[in-house]
Structure formats: structure tokens, C-alpha cells
Amino acid sequence: MGRLKTDDGKTDHMHLYSINQDDILGNRPPRTNAGPVESKRTQLQAFIRHCSAALGVILGALDDQLGLKQGTLAALSPLEDESETSVRLLCSPPQPAPEYDRITLGGHTDIGTMTVLFHVVGGLQILSAGKENVMENWQYVRPEPGCALVNVGDMLVEWTGELLRSSLHRVMTAPGDQALVQRQSVAYLVRPAKKASMRRIQGGKIPPLAEGEEEETRPVNEWTAWRSRQIMLGHLKPQSRGGNMAVSV
Ligand SMILES: O=C(O)CCC(=O)C(=O)O
Ligand SMILES: [Fe+2]
């Protein structure tokens, strides 16, 4: 806790544990995780497969809407290929004297393909497209019982020539009395296969490169390292991207 800088120059207010998909599915030699994770390998495998199947349905619907061949988007992140896909556990301690302006996890867009988020306690906030990044423009996203939240990541924005949008979000102290309890969330963060390309997908409704626009040719790993570094150095500001054309699903 307190290791990551938040947007207001303070530090985070959460514990974070990342579980690597390749480790759980056996795509690489096993890592030694914390005891509670090691004892739940079977459940984690089932969880990953379940999330992935659900995302497959959503990606299939997006294929249709974008006029792409069925399976195009899902094929970029197959379970059996090595990737940086992870299950991320977040935990923020209760605040007996809540500081409602405290940032638990700073504003960011998810860098990968898509995210499935499970949360019960509030605190997640989103900055709507086109809104200035000031406190009063951030809106809480109320968790819906029995529902997961699905987020588009930056790579889907790149592949679709910015048709799809990745939204800037963050975690704050939960509103009202919810701040008095511990907040936990589980996120399944899908990243593409390491060997995938960041090249824009061709076909369907995806716009071809405009004149003078440079083609992105880097592989996923290189692009990820570059983007993370640009954000860390402050050369790139995390912000909502894409959404150039409404695509209804
Ligand atoms: O805990 C949450 O509600 C969101 C976490 C998140 O944005 C992330 O893990 O990328
Ligand atoms: Fe996120």
C-alpha cells in the first residue's frame, strides 16, 4: 500500500495482488504465489475460463457490429498463448474516519484488450468522454448486484482505429457508510498474445489509415513497454481514447 502515485501527487490506498494467467493455466512453469492463491489454483482456472468465455461472447458481438469475421477479436487473446493476462485482486482497508477525496487507485485506462471487473462496494469512478479532469466531473459507478463490469482496453482502441473507446477510471473512497468497510475487487485483465501485432485490423467498419497517418507495426510487448514508460514519464497523459463512431452492441 502507498507505492503508486495518484493523480493528486499523493499515494495509493490499496493492496494489490496480481495472478498471472500463464502460471494458473500452465502455459509457463508455475510461480510460487501466496498460500491462499496456491490453494485455489483449480478455482482460479475455472474462474479464468469462465471470464474468458463470457468475454468471447462480447467480443463476438463486437465482431458483428464492426463487420468483422466472427472470432476476429477473440483470436487476438487466446487462452493457450503466452500473454500478460492477469487476475488482479485489490483490497482497500476500511476508513473509520473517511476521507472522501482520497484516491485509492489513480486515474487510468486499462491497457489491454478488455477487463471484467467484480466489485460489491462502490468507489469506482469514471470520467465521461470530453469532460475536463476536475473532481466534480468524476462519477461513481454503482455496482449492480449479480453483474460484472466490462471495460474496453487501449489495445482494442488501437486495433479498431479508435472506433471503440477505453474510458478513464479510478477508485476513490467508497461513498457514504460504504467507506467504513473493507473494499475488495477482482479484475480479469485480458492482454493479447505476446506475439500479436498492434497493427490496426483491416476490414469491416474499421477506418483505413488516413493519409499521412503512420501505421503501428510494433508487437504487443514493445508497444506496452513504450506506452507504460510514456505514462510513467508523464509524456502521455492517461485519458479516454477512441469512440469516434457510436457502435451499438
Ligand atoms: O477496483 C476497481 O473497482 C477497479 C480496478 C481497476 O480499475 C483495475 O484493476 O484496473
Ligand atoms: Fe482499471
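The largest pocket holds about 1,100 Å³ of space. A pocket here is an open set of points on a 1 Å grid over the protein atoms alone, with protein on both sides within 12 Å along at least five of seven lines, and its lining residues have an atom within 4 Å of a point. Grid points are joined across faces, edges and corners, and the volume is the space filled by probe spheres set on them. Of the 36 lining residues, Gly107, His108, Thr109, Ile231 and Pro238 come closest to the centre of this pocket. This is a predicted model, with local features needing pLDDT of at least 70 and side-chain atom pairs pLDDT 80 or more, while totals for chains, interfaces and linings use all residues. Residues are numbered from 1 along each chain as its sequence is written, chains are lettered from A and ligands numbered from 1 in the order written, and side-chain values use heavy atoms, leaving out hydrogens and water.

As for who builds the lining, α5 (220-232) chips in the largest share, six residues. At least two residues each also come from β1 (15-20), β2, β3, β4 (114-119) and β10. (Helices are DSSP runs of H or I with at least four residues, strands runs of E with at least two, numbered from the N terminus.) The lining mixes eleven nonpolar, 14 polar and eleven charged residues.

The second largest pocket offers about 220 Å³. Its 14 lining residues include Ile126, Leu149, Val150, Asn151 and Ser167, which lie nearest its centre. Two or more residues each are given by β5 (124-127) and β7 (149-152), and β7 supplies the largest share, four. Sorted by class, this lining has eight nonpolar, five polar and one charged residues.

Then there is ligand 1, whose space is the largest cavity, a cavity being a set of grid points where a 1.4 Å probe fits but cannot get out. Among the residues around ligand 1 (a heavy atom within 4 Å) are Arg88, His108, Asp110, His169, Arg183 and Ser185. The shell counts six nonpolar, three polar and three charged residues. β10 (183-190) gives the most, three residues, and β2 (86-92), β3 (103-108) and β9 (169-172) each supply at least two.

Oxygen atoms of the ligand also pair up with polar side-chain atoms: one lies 3.0 Å from His169, while the distance is 2.7 Å for Arg183 and 2.7 Å for Ser185. On its own, ligand 1 has 290 Å² of accessible area (Shrake-Rupley method, 1.4 Å probe), and the protein covers 98% of that.

How values were computed
Polar contact = N/O pair within 3.5 Å; in protein donor to acceptor, adjacent residues only side chain to side chain. Sits in = over half its atoms within 2 Å of the grid points. Nonpolar A, V, L, I, M, F, W, Y, C, P; charged D, E, K, R; others polar.
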